[in-house]
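Student: I have a model open and want to learn to read it feature by feature. Where do we begin?

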Amino acid sequence: MNYSIGLVEDDTNIQNIVSAYLRKEGYQVEILNSAEEAMVIWEQNPPDMWILDIMLPGMDGYELCKKIRGESEVPIIIISAKDDEIDKILGLELGGDDYLTKPFSPRELVARVKRLFKRTSVSHQPVLMEGDRLNIDELVIFKSDRRVFWHGTEYEVTTKEFDMLYYLAENINRAFSREDLLMKIWGNDYFGSDRAVDDLIKRIRKKFKDIPIETVWGYGYRMRKEEE
């Protein structure tokens, strides 16, 4: 697949070097000089991945990352001259999937792009198969097509929303710690706090009113189904 990447960076040298390496690997690269330019592309023709600098004129990369992540689970790599741990944690907690500190090797960036695309790629099948149907009361999930129905209405979900819903529903009534869920949904190479789990559950509860996901205080979450 010929993936497209939005490179949001105002340094011409970095633009040229990074775009050259990415294009050599077959990626389409859209170079944006500011977050405001990126927002226009995001609304018109969003790329398959974002590479964001933090220090930008106008809106900074953190705010752009937050806006994108509020609407999509598209992969985001943050690049920044800020190398303090708190800056990395902030970037990842706002929704970044990876964080590279300047100066960095373009080859390393390409390797991380490939790894992230591989990790987040999802295979879709054109036909719903009955064996893929998971039904928990009013929640119906079709695994192959990654479709979710709640009280008979289909809802659009992000990649991580689907993964969380399916994992909890597949393990009904079983409680998972935040650390367990972080490992399962984000992977063991995710660098960030378990607040990401709380934020994802909050988004799911807001989207699916009264969905039976319970907080296990001091531990984590479970999806509850009363035994018949």
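Tutor: Begin with the contacts. Among the protein's contacts with a separation of 6 or more, 54% are between residues 24 or more positions apart. Keep in mind that this is a predicted model.

Student: What is the helix and strand count of the protein?

Tutor: The protein has eight helices and 12 strands.

Student: How do I judge the overall dimensions, and what radius of gyration does the protein have?

Tutor: Compare the radius with the expectation for a compact globule. For 228 residues that expectation is near 17 Å; the protein has 19 Å, which agrees. Then take the box along the principal axes. The C-alpha atoms fill roughly 65 × 40 × 30 Å.

Student: And the surface? What share of the residues is buried?

Tutor: Buried residues are 46% of the 228. The exposed area is about 12300 Å², with 48% of it supplied by carbon and sulfur atoms.

Student: Next, sheets. What holds the strands of a sheet together?

Tutor: Backbone hydrogen bonds pair the strands, in a parallel or an antiparallel way. Here, take the open sheet of three strands, ordered S10-S12-S11 and paired antiparallel. Its edge strands are S10 (176–177) and S11, each pairing on one side only.

Student: How many bridges join S10 and S12, and how many join S11 and S12?

Tutor: S10 and S12 (residues 220–223) pair over two bridges. S11 and S12 pair over four. Look at Tyr221 in S12. Tyr221 is the bridge partner of Phe176, and also of Thr215.

Student: What connects S11 to S12?

Tutor: The two strands form a hairpin, with three residues between them. In the turn, Gly218 has a positive phi of about 80°.

Student: Which helices should I look at around this sheet?

Tutor: Take H6 and H8. Helix H6 (residues 159–170) lies across S10, S11 and S12, and runs at about 70° to S12. H8 packs on the sheet and touches S11 and S12; its direction makes about 150° with that of S11.

Student: Now ring pairs. How many aromatic pairs does a search of the whole structure find?

Tutor: Seven. For each pair, read the distance between centres, then the angle between planes. In Tyr155 and Phe208 the ring centres are 4.9 Å apart and the planes are at 45°, so this pair is tilted.

Student: Which parts of the protein does that pair tie together?

Tutor: Tyr155 belongs to strand S9 (residues 153–155), while Phe208 sits in the loop between helix H8 (195–207) and strand S11 (213–216), so the pair ties together parts 53 residues apart in sequence. Burial is a separate reading. Phe208 is buried, at 0% relative accessible area. Tyr155 is partly exposed, at 27%.

Student: Which residues are linked into a cluster by ring pairs?

Tutor: Tyr3, Tyr27 and Phe117.

Student: How do I read a charged side chain? Is Arg69 buried or exposed?

Tutor: Read the accessibility, then list the contacts. Arg69 lies in helix H3 (residues 61–69). Its relative accessible area is 8%, so Arg69 is buried, the cut-off being under 20%. Beyond its neighbours within four places in sequence, Arg69 is in contact with Val74, Ile76, Leu94, Gly95 and Asp97.

Student: And Lys24: buried or exposed?

Tutor: Lys24 is exposed, at 73% relative accessibility. Its place is in helix H1 (residues 12–24). From Lys24 to Trp186 is 162 residues in sequence and 29 Å in space, C-alpha to C-alpha.

Student: Last, the backbone. Where is there a cis peptide bond?

Tutor: Check omega. The bond joining Lys102 and Pro103 is cis, with omega of about -10°. Pro103 is in the loop between strand S5 (98–101) and helix H5 (106–120).

Student: What about phi? Which residues other than glycine should I check for a positive value?

Tutor: Check Asp137 and Asn173. Phi of Asp137 is near 55°, and this residue is in the loop between strand S6 (133–136) and strand S7 (139–142). Phi of Asn173 is near 70°. Asn173 is found in the loop between H6 and S10, where its relative accessible area of 22% makes it partly exposed.

Technical notes. Residues numbered from 1 in each chain as written. Heavy atoms only, no water. Phe/Tyr/Trp six-rings, centres within 6.5 Å; stacked < 30°, edge-to-face > 60°. Buried < 20%, exposed > 50% of the residue type's maximum accessible area, 1.4 Å probe, protein only. Pairing = 2+ DSSP bridges. Contact = heavy atoms within 4.5 Å. Axes fitted to C-alpha atoms, helices over the stretch in contact; angles between N-to-C directions. Rg over C-alpha atoms; globule rule 2.2 N^0.38 Å. Areas by Shrake-Rupley, 256 points an atom, 1.4 Å probe, with all protein chains shown as cover.
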